[in-house]
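I opened the model today to look at its ligand sites and a few of its helices. My notes follow in the order of looking.

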Amino acid sequence: MLVGVPKEIKNQESRVGLTPASVKELVLRGHQVLVQKNAGVAIGLSDAMYEGAGATIIDAASEIFARAEMIVKVKEPQPEECAMLRKGQILYTYLHLAPDPEQTKALVESGAVCIAYETITGANGGLPLLAPMSEVAGRMSIQAGAAHLEKSKGGMGLLLGGVPGVAPGHIAIIGAGVVGTNALQMAVGIGARVTILDKNIDRLRQLDLIYGNRISTMYSNAHSIEEAVLDADLVIGGVLVPGAAAPKLVTKDMISRMKPGAVVVDVAIDQGGCFETSYATTHEKPTYVIDGVIHYCVANMPGAVARTSTFALNNATIGHALALADKGWQKALKANPHLKNGLNVCLGHVTYEAVAHGLGYTYVDPDSLLG
Ligand SMILES: NC(=O)C1=CN([C@@H]2O[C@H](COP(=O)(O)OP(=O)(O)OC[C@H]3O[C@@H](n4cnc5c(N)ncnc54)[C@H](O)[C@@H]3O)[C@@H](O)[C@H]2O)C=CC1
Ligand SMILES: CC(=O)C(=O)O
Ligand SMILES: [Mg+2]
């Protein structure tokens, strides 16, 4: 198969869809890979390294989109990229469609076969192609929160770990999945007081066994969220209902009653965010202030540590990339129900139930399109 890797064009996004090592895996199996000039140069992956792995370097994204049978990316296609997709072409990347009607419409109109990393499931449960970026973003969320609690960034001037004789800060983490548990690990590491909330009691049980009385676990409901949020100096939003828009768990009213100079980090922003006051920001201008509360809502947090993130992402994506290239999309999806769960838009139809219902499309069962 002819596989194409364009350079990412989202604001401050230096990750790249395939590493030279991943290119080599494809080439060794007889596939051809086109990589856009300088696609990985910002993270130390030179064109020479890609050529050494067997890729052909191409100047323009338009040529890659025109020639490749499968496009491998990191972030959701930007409007100019959507316009270059064509009927039957495979797009393998993060999409996050539920909160994004414009992108969904463009992908439907393209007729492309759009497989979203974030809804591919794993044989042992979970979302294995989302997990590595959730690990990165969860860990980063505490760094980002700590930095913005400093006075120079507009925060209340609080050191999360405290010092001897001065109490530490309080971090509330909503959602105890991959983002939440990675945030928790960092929060405990810096010595903050931590409360973590989830609806999944088994997960809270596991965390209680690991951390004991160093943390507080709370069953998530409107009451416990309000209590934790109003007492917190930093709130991390890490909830997910797979494929669906994030539930707005923290209301505008709660935000208005938080401590002045407190910080909220809405990691779930790529699914629309779990704070009523959230809207997506970029690394260029990551924050805004509402009612004295600093909001950090960057939708591609792992892009800030693009080198680590690219390798972590490729570890998780290469297996299915090889299957798609080897078998073509219909056979690969038929052979693997977990990969099939990644199919969000296909040949002009919305094939992921939560996206179809959320955005008013007729849901089409992927099986009906697999031949
Ligand atoms: N902004 C960014 O750069 C990034 C954002 N993300 C996003 O972070 C979010 C979380 O991802 P993961 O941790 O991997 O998901 P996950 O599926 O591992 O965890 C989500 C957790 O939310 C919990 N949850 C659902 N409804 C809840 C409620 N009402 N109250 C409390 N907890 C609730 C679930 O029980 C689950 O434990 C996703 O939207 C993901 O796309 C992930 C990586 C990067
Ligand atoms: C998961 C995601 O949206 C990201 O890594 O940017
Ligand atoms: Mg994102």
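I count a residue as buried when its relative accessible area is under 20%. The model is predicted, and I read every value below with that in mind.

**Magnesium site**

I went to the magnesium ion, ligand 3, and listed its donors. Lys75 gives NZ and Ala299 gives O, at 2.0 to 2.6 Å. I then placed both residues in the chain. Lysine 75 sits in the loop between β4 (70-72) and α4 (79-82), and alanine 299 in the loop between β13 (293-296) and α11 (306-327), so the pair ties together parts 224 residues apart in sequence. I checked accessibility next. Alanine 299 is at 17%, so I log alanine 299 as buried. Lysine 75 is at 3% and is therefore buried too.

**Ligand 1**

I counted the surroundings of ligand 1 and found 27 residues. The closest are Ser134, Val179, Asp198, Ser220 and Met301. I looked for polar contacts. An oxygen atom of ligand 1 lies 2.7 Å from an N or O atom in the side chain of serine 134. Leucine 240 offers a polar backbone atom at 3.2 Å from a ligand 1 oxygen. Alanine 299, already noted at the magnesium ion, has a polar backbone atom 3.3 Å from an oxygen of ligand 1.

**Helix α6**

I compared length with expectation for α6, residues 131-148. Its 18 residues should span 26 Å at 1.5 Å a residue, and the end C-alpha atoms are 25 Å apart, which agrees. I also recorded a bend of about 25° at methionine 140. Of the 18 residues, 13 are buried, so α6 is largely enclosed by the rest of the structure.

**Helix α7**

I ran the length check on α7, residues 178-189. The expected span for 12 residues is 16 Å; the end C-alpha atoms are 17 Å apart, which agrees. I noted its buried residues: Val179, Gly180, Thr181, Asn182, Ala183, Leu184, Ala187 and Val188. What covers them? I found that the cover includes α6, β7 (170-174), β8 (193-198), α8 (201-211), β9 (215-219) and β10 (234-237). After α7 comes glycine 191, with a positive phi near 85°.

**Alanine 354**

I finished at alanine 354, in helix α14 (residues 353-359). Its relative accessibility is 24%, so I enter alanine 354 as partly exposed. Leaving out residues up to four places away in sequence, alanine 354 touches Pro242, Gly243 and Ala244. I took one distance: from alanine 354 to serine 368 is 18 Å, C-alpha to C-alpha, across 14 residues of sequence.

Methods. Residues numbered from 1 in each chain as written. Chains lettered and ligands numbered in written order. Predicted model: local features only at pLDDT ≥ 70, side-chain atom pairs only at ≥ 80, totals over all residues. Heavy atoms only, no water. Donors = N, O, S within 2.8 Å, 3.2 Å for Na, K, Ca; no water. Helix = DSSP H or I, 4+ residues; strand = E, 2+ residues; numbered from the N terminus. Buried < 20%, exposed > 50% of the residue type's maximum accessible area, 1.4 Å probe, protein only. Expected span 1.5 Å × (residues − 1). Bend = angle between axes of the 7 residues up to and from the residue. Contact = heavy atoms within 4.5 Å. Near = heavy atom within 4 Å. Polar contact = N/O pair within 3.5 Å; in protein donor to acceptor, adjacent residues only side chain to side chain.
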